[in-house]
Amino acid sequence: MLRAPRLLAAAALSLLATGGAVRSHEALEELAEMGGARPEAGAPGRHRGNSSALESGGGAALAARSGHATQAQLGVGRVLDGRYELKQFLGRFDARGGHLQRWEKVGAFPKIKAFPAGARKHLGTGSFGDAWKAWDKLRKKHVAVKIFFKGGYYLTPSLVAKKGYQSLVDEAAAECKEVMKIMKQRQTYEQGAQHICECYEAHTSDKANQESPLYLVQEMCGDSFFDLFVMNLHNPSSFTVKHPKLAKDPKWMMKAIAGTLEGVKFLSKLGYSHHDLKLENVVVTEDGAAKIIDFGGLTTMEKAAVEGGVCTSVYTPKEVRCPYAPGVDPGAPVYSFDDYSVGIMLFVVSCRSASFDSFRDHAQCGEGEPRDGAPVSNGVMKLAAKLARDYPAKRPDPAAAAKELRSAAGIAG
């Protein structure tokens, strides 16, 4: 009478064990992705233990599929929480039995002490960084956390050392460190410094924890000016729903341009030119504040005159060839390049059009009227023309231009 329940219990245990074997097979595949490989035949004796563990793990998976698994086979290569592999199974331990390397896959926000569990929002994934909105307990506010990754895994000091990725991490963090250096001098012109998107921390090493992810901590600065402009132009109903505060302010774009000019003034006072200003490299907060981003092309006029630099053709002054080559007049005002770029931005948002060629050479919108029929101030158009003058020495001081724009557009501040 007791035989049936015993058979049922045995069957349940067999199913559980089989699941473990299947997971071990999946982990073998994951091991291959991480760069692990089965030891070759004839490998030195010191690899024999690893080879045995790997072969046993594969044998367990095969036995499970064929229905002839033993408890010993199924015990080899069992996975912890379905995510981290036992070191005996991975073969990722040295002759002294070193600790397990826990490399986390990109997808879920990894465990980082500075950002406790709570509401997090995925912002997007680039070629080398996975960006998240998270609460920073040190700064007591939400920040953007850009976590470095490669090959589908978040980078840790141990993984960076093993794969030789340190130069990639340093290069990716260089822009953040440059912005941090600049912002230490914000008192030079605070009115302009507030329009720079800050980078707070470049966490590119961790001696205390070799398995902690590496990351950057940046200010939550808003949405792309270009994306907002296009949405407002082509899908105003969606813009109103997604950005109600901006939608209620018909002058938000003029405010953003004025803020960008103040940011240019701040950079110029420190001797820098952004050198790649365009709508895509400015973001706007829900309160309408502009923040300049992407400082990969940051340079001085002297350096640009010798080495060249970054540029986007339509936003580049006529005196400069793009793709950019040396030849800029180092005697021109340091803000002259950026002035021209902002002048084109002002034409674009005023004319509600991206048909640059129609007004690059003429201080007017392509058809004489903006696309959506909204009135354009003559003062605004004249300022755009002054910013985009052919002669760099005649382009206005950006702080004075910001003040003029606010006056022409009827903006307080």
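## A tour starting from Lys-242

Begin by selecting Lys-242, which, once its neighbours within four places in sequence are set aside, is in contact with Met-231 and Glu-286. The model on your screen is a predicted one, and this should be kept in mind at every stop. Lys-242 belongs to helix α9, and its relative accessible area of 53% means that it is exposed, since exposed residues are those over 50%. If you add Met-231 to the selection, you can check that its C-alpha atom and that of Lys-242 are separated by 9.9 Å, although the two residues are 11 apart along the chain.

Before going further, zoom out to the whole protein, which has 16 helices and 11 strands. Of its 413 residues, 45% are buried. Taking the contacts between residues at least 6 apart in sequence, 62% join residues that are at least 24 apart.

Next, select helix α8, residues 225–234, together with helix α11, residues 252–269, whose axes come within 12 Å and cross at roughly 160°. Are these two helices roughly parallel or roughly antiparallel to each other? An angle over 145 degrees counts as roughly antiparallel, and α8 and α11 are therefore described in that way. The crossing in which α8 passes α11 is left-handed. To see where they meet, show the side chains of Phe-225, Leu-228, Phe-229 and Asn-232 on α8, and those of Trp-252, Met-253, Ala-256 and Ile-257 on α11, which make the contact. The residues of this contact divide into 7 nonpolar and 1 polar, with no charged residue.

Stay with α8 and colour its buried residues, which are Phe-225, Leu-228, Phe-229 and Leu-233. When you look down the axis of α8, these buried residues fall within an arc of 125°, so they line one face of the helix. As background, an α-helix has 3.6 residues a turn, so residues three or four places apart point the same way. The buried residues of α8 pack against several elements, among them α11, β9 (223–224), β10 (282–284) and α13 (336–351).

From there, follow α13 to its own partner by selecting helix α15, residues 378–387, because the axes of α13 and α15 come within 7 Å and cross at roughly 150°, and the two helices are therefore roughly antiparallel. The crossing of α13 and α15 is left-handed. On the α13 side the contact includes Tyr-340, Gly-343, Leu-346 and Phe-347, while on the α15 side it includes Val-380, Met-381, Ala-384 and Leu-387. By class, this contact has 11 nonpolar, 2 polar and 1 charged residues.

Now turn to the loops, and first select Thr-204, in the loop between β7 (199–203) and β8 (215–219). Is Thr-204 buried or exposed? With a relative accessible area of 11%, Thr-204 is buried, since the limit for buried residues is under 20%. Not counting residues up to four places away in sequence, Thr-204 touches Phe-148, Gln-166, Val-169, Ala-173, Lys-177 and Leu-214.

The last two stops concern backbone angles. Most residues other than glycine have a negative phi. Lys-140, in the loop between β4 (129–136) and β5 (141–150), has a positive phi near 55°, and its relative accessible area of 62% makes it exposed. Finally, select Asp-294 in the loop between β11 (290–292) and α12 (301–307), where phi is again positive, at about 60°, and where a relative accessibility of 34% counts as partly exposed.

Note on methods. Residues are numbered from 1 along each chain as its sequence is written. This is a predicted model: local features need pLDDT of at least 70, side-chain atom pairs count only at pLDDT 80 or more; totals for chains, interfaces and linings use all residues. Side-chain values use heavy atoms; hydrogens and water are left out. Axes are lines fitted to C-alpha atoms, for helices over the stretch in contact, and angles run from 0 to 180 degrees between N-to-C directions. Helices (H or I, at least four residues) and strands (E, at least two) are DSSP runs, numbered from the N terminus. Angles under 35 degrees count as roughly parallel, over 145 as roughly antiparallel, 65 to 115 as roughly perpendicular and the rest as oblique. A crossing is left-handed if the near helix is turned anticlockwise from the far one by less than a right angle, and right-handed if clockwise. Contact means heavy atoms within 4.5 Å. Ala, Val, Leu, Ile, Met, Phe, Trp, Tyr, Cys and Pro count as nonpolar, Asp, Glu, Lys and Arg as charged, and the others, Gly among them, as polar. Buried means under 20% relative accessible area, exposed over 50%, partly exposed in between (1.4 Å probe, protein chains only). The arc is that of the directions from the helix axis to the C-beta atoms.
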